[in-house]
Each structure stands twice: as structure tokens, then as C-alpha cells.
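Student: I should like to take a close look at one helix and its surroundings. Could you please guide me through that part?

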Amino acid sequence: MSQPITITAEDILQQVKLSCKIPDLVEQIVSQKMILAAAEEAGIKVDTEELQKAANLLRLTNKLTSAEDTWKWLEKHGLSIDEFEEIVYNNIIIGKLSQHFFADKIEPYFFENQLNYAGVVMYEVVLEDEDLALELFYAIQEGEMSFYDVAHQYIQDVELRRKGGYLGVLRRQDLKPEISAAVFAAKPPQLLKPIVTAKGISLIFVEEIIQSQLNDELKQEILMDLLLSWIKSKINQVEINLNLE
């Protein structure tokens, strides 16, 4: 029977260092401290009912349907009940602070950046040879082959090949500039001429352009974008003293 292995807080900190994750964690810690300080300055409070609702939502999100499930989840993540409540509290504060600062800025920001929130339904085959890509492009144009045929013949990744090169719904920021410019100028359904990128020659079929709509989901996303932008600007203005002794 194998011997048990004991892992200490010191071991975890050392592994974090060796994984080169200290800068990311420091940024998260500084961000949280800034958010809590700004919320206190703004007089933002959290009541018991809000905590309970948010705790129930967090349990639902993590499929913690019983007390036993919750205890196992806490143990897995090394959390106490108080720390669980701290997570819930922090989530509420983030939501309230973003509303406090940016609720009236959502619509102006959306209309100014509307193109960035448009989506595209597209398929892609990446080739190594530009002449081959052009040959396949014209073959599809002339009806000699379908994009599906090309995808099944030239895509190496099994799952992507099964989907015929389907990449899902993507946004402008998900794509390289040279690709996004061509994709969002397309008139779907349209096969684009091969595009040369760092990863190869992209043969792309644009099925649909989805115009952005300012629904509740997008409003929340914009709030988070604005809050993250605010945090980054604040981080650049502070001096961070890191003490790991």
C-alpha cells in the first residue's frame, strides 16, 4: 500500500512560484483589494437575503445539490464555510460596484464599440500550400467540390474534421486582424478567397453574420469589460510591495 503524501501551504506556494503564476495571482489580489476599497468608499452594502440568493446560485452553478456535495466541494478546494461566504460576498460586490460605476455608460459604450460585439458563424480549413488553397477555392466556386468535401479531406484534427471545419460563433476579437477584416466584410453565405496568416493559408466559408443586440447578457458582459478596464488603469497607478517571506 502506498504511503500518504502530505502537502503543505509552503508546498503550494512553491509550486505557484515554479509555475510562474505569481504575477497573475498578484494582479487578482490587487484587483480584489481595489474593488473592496472602492465599494466601501461608495457605501455599497450586502444584506443577508442577497448573500443567501447568491450562495444558492453558486451552489446551483457548481451542481452542489446537497449538503454532502457542498462539503465535498469545499474540501476539494481547501475552503471553509467562511471562505465560501467570502467568495459569495465578493461576487456580489463586483456586480454592485460595476453597476454603481458603469450602469449609465453601457449604452454609449455599446454603440461606440458595436462592431466588436457582432458575431460570425464560420468554417475554416487551414492549408500549407497557397496554390492548393486557390485551386480548392475555385473548385468550390465552380461546384466541383463542396466546402464539406475539402474539410473532410484536408483537416487533420478528427473532431474539427467531423464538424466540417465549423468553428462556432466567433467575435471580432477572437480572430486575427487579417481574418476579421475579411470575414466581417463578407456577404453571407460567402466563400472567402484564401487568406495568408502566420499559421498557414485559411480557406473560410462565412455562413452568417450575427448583428449584436444589447440584451441583458451583453449588458453584463459590457459591465465586466468596463470594470476590468477600470481595474487595469488603477493597477498601473499603484506600487505593489510583494512580501512572500
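Tutor: A residue is called buried when its relative accessible area is under 20%, and exposed when that area is over 50%. With these terms, and bearing in mind that the model is predicted, we may examine helix H4, residues 67-76.

On one side of H4, Glu68, Trp71, Lys72, Glu75 and Lys76 are exposed. Thr70, Trp73 and Leu74, by contrast, are buried. Viewed down the axis of H4, these buried residues fall within an arc of 100 degrees, so they line one face of the helix. A general point helps here: an α-helix has 3.6 residues a turn, so residues three or four places apart point the same way.

What covers the buried residues of H4? The cover includes helix H3 (48-61) and H5. Just after H4, Gly78 adopts a positive phi of about 65 degrees.

The surroundings of H4 may be considered next. The largest nonpolar core has 32 residues, and Phe84, Leu97, Ile222 and Trp230 have the most contacts inside it. H4 is among the elements that give two or more residues to this core, together with H2, H3, H5, H6 and H11. H11 gives the most, with eight residues.

In H11, the buried residues include Ile222, Leu227 and Trp230. The buried residues of this helix pack against helix H2 (22-41), helix H5 (81-102), helix H6 (106-112) and strand E2 (166-171). Leu97 touches Leu227 and Trp230, and its other contacts include Ile35, Ala38, Ala39 and Ile44, leaving aside residues up to four places away in sequence.

Note on methods:
Residues are numbered from 1 along each chain as its sequence is written. This is a predicted model: local features need pLDDT of at least 70, side-chain atom pairs count only at pLDDT 80 or more; totals for chains, interfaces and linings use all residues. Side-chain values use heavy atoms; hydrogens and water are left out. Buried means under 20% relative accessible area, exposed over 50%, partly exposed in between (1.4 Å probe, protein chains only). Helices (H or I, at least four residues) and strands (E, at least two) are DSSP runs, numbered from the N terminus. Contact means heavy atoms within 4.5 Å. The arc is that of the directions from the helix axis to the C-beta atoms. A nonpolar core is a set of buried Ala, Val, Leu, Ile, Met, Phe, Trp, Tyr and Cys residues joined through side-chain atoms within 4.5 Å.
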